[in-house]
Amino acid sequence: MLDIRLRSRPGATSFEADIKSYARTRHWSAALHSFQESSKLHSHVSESLYTSIISAQGKGRQWQRALALLSEMWSAKLEPNVISYSAGISACEQSGQWLQALALLGDMPEAKLEPDVFFSYSAGISACGKGEQWQRALALLSQMGEAKLEPNVIFSYNAGISACEKGEQWERALALLREMREAKLERSIISYSAGISACEKGEQWQRALELFDRCGRRSSSAPSCLSFRAERVRGSPNLLPSCLPGQSCFPRPMHSRQLQHP
């Protein structure tokens, strides 16, 4: 059983360190206990401490507690900042609460806060993806551009591609991969894997294989691509693996044709 007894360190900074430590191990109840003890011992609880406990509750998938703490900040006459809101959005994302995540994003301008590209928007896009709301996910990507916040963070694109994959929108997933290429953004194994999955769900085997091949040309991604290929396309009648000596170890379509590269 986890020992949640506090060590004899009365400083607020020590409590925050404890909370962050518990958050890393997803012991949300221990983090909450530390926060409550800190509140009893200190008349003023900082925005930073609130943000840490909100994040800890989110990682423990306690989104309701996370939002209650965010609301509590106003009662304590503390103004939540971008990081606080982003922690709340992330808490909703980790629990699949896309409506709540979007509500928090919508509240930020009213609080005179500009959503952060990496944390706020990306968490919102991911939340929509998990809720199979691919249209809303793409709308957020578009909204980033309209707000002159260039969606130049790879994670935002990956979240959008993943949302399209979950919504079985392979064409839109490939369109995002093309946008990444045109914007000269590095497409990671996560980007390719989501695109491949989208093509697989749409029975677009040749396009999936094009992505396999492109992924495999990246030396750092090749092992992951090979592993992913083995899990996703093993036994498909549309694929002809060619792993003979001197040849590529990536599968080829039995009847190849020229495709537009994503």
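This report walks through a predicted model of one protein chain, from its overall make-up to a few residues inside it.

**The chain as a whole**

Let's begin with the broad picture. The chain has 262 residues, and 47% of them are buried. Its secondary structure consists of 13 helices and 2 strands. Of the contacts between residues at least 6 apart in sequence, 59% join residues at least 24 apart. The accessible surface comes to about 14100 Å², and carbon and sulfur atoms account for 49% of that area.

**How confident is the prediction?**

Before looking at details, it helps to know where the model can be read with care. The average pLDDT of the chain is 77, and 72% of the residues score at least 70. Two stretches have scores below 50, as the table shows.

| Stretch | pLDDT | Contacts beyond near neighbours in sequence |
|---|---|---|
| Residues 1-10 | under 50 | 17 contacts |
| Residues 233-259 | below 50 | 49 contacts |

Coordinates predicted with low pLDDT should not be read in detail. Please keep that in mind when you look at the contacts the model has for residues 1-10 and for residues 233-259.

**Inside the nonpolar core**

Which residues have the most contacts inside the largest nonpolar core? They are Phe35 and Ile53, in a core of 64 residues. Leaving aside neighbours within four places in sequence, Ile53 is in contact with Ile19, Ala31, Leu32, Phe35 and Leu69. The two residues named for the core therefore also touch one another, since a contact means heavy atoms within 4.5 Å and Phe35 is on the list for Ile53.

Phe35 also takes part in an aromatic pair, and the count of such pairs comes to 1. Its partner is Tyr50: the ring centres lie 5.1 Å apart and the planes meet at 65 degrees, so the pair is edge-to-face. The pair links distant parts of the chain, with Phe35 in helix 2 (residues 28-41) and Tyr50 in helix 3 (residues 47-59), 15 residues apart. Both Phe35 and Tyr50 are buried.

**A serine in helix 11**

Our last stop is Ser193, which lies in helix 11, a helix that covers residues 189-201. Is Ser193 buried or exposed? Its relative accessible area is 14%, and the cut-off for buried is under 20%, so Ser193 counts as buried. A polar atom of the Ser193 side chain lies 2.7 Å from the backbone oxygen of Ile189.

Definitions and conventions: Residues numbered from 1 in each chain as written. Predicted model: local features only at pLDDT ≥ 70, side-chain atom pairs only at ≥ 80, totals over all residues. Heavy atoms only, no water. Helix = DSSP H or I, 4+ residues; strand = E, 2+ residues; numbered from the N terminus. Buried < 20%, exposed > 50% of the residue type's maximum accessible area, 1.4 Å probe, protein only. Areas by Shrake-Rupley, 256 points an atom, 1.4 Å probe, with all protein chains shown as cover. Core = buried A, V, L, I, M, F, W, Y, C linked by side-chain atoms within 4.5 Å. Polar contact = N/O pair within 3.5 Å; in protein donor to acceptor, adjacent residues only side chain to side chain. pLDDT = per-residue confidence, 0-100. Phe/Tyr/Trp six-rings, centres within 6.5 Å; stacked < 30°, edge-to-face > 60°.
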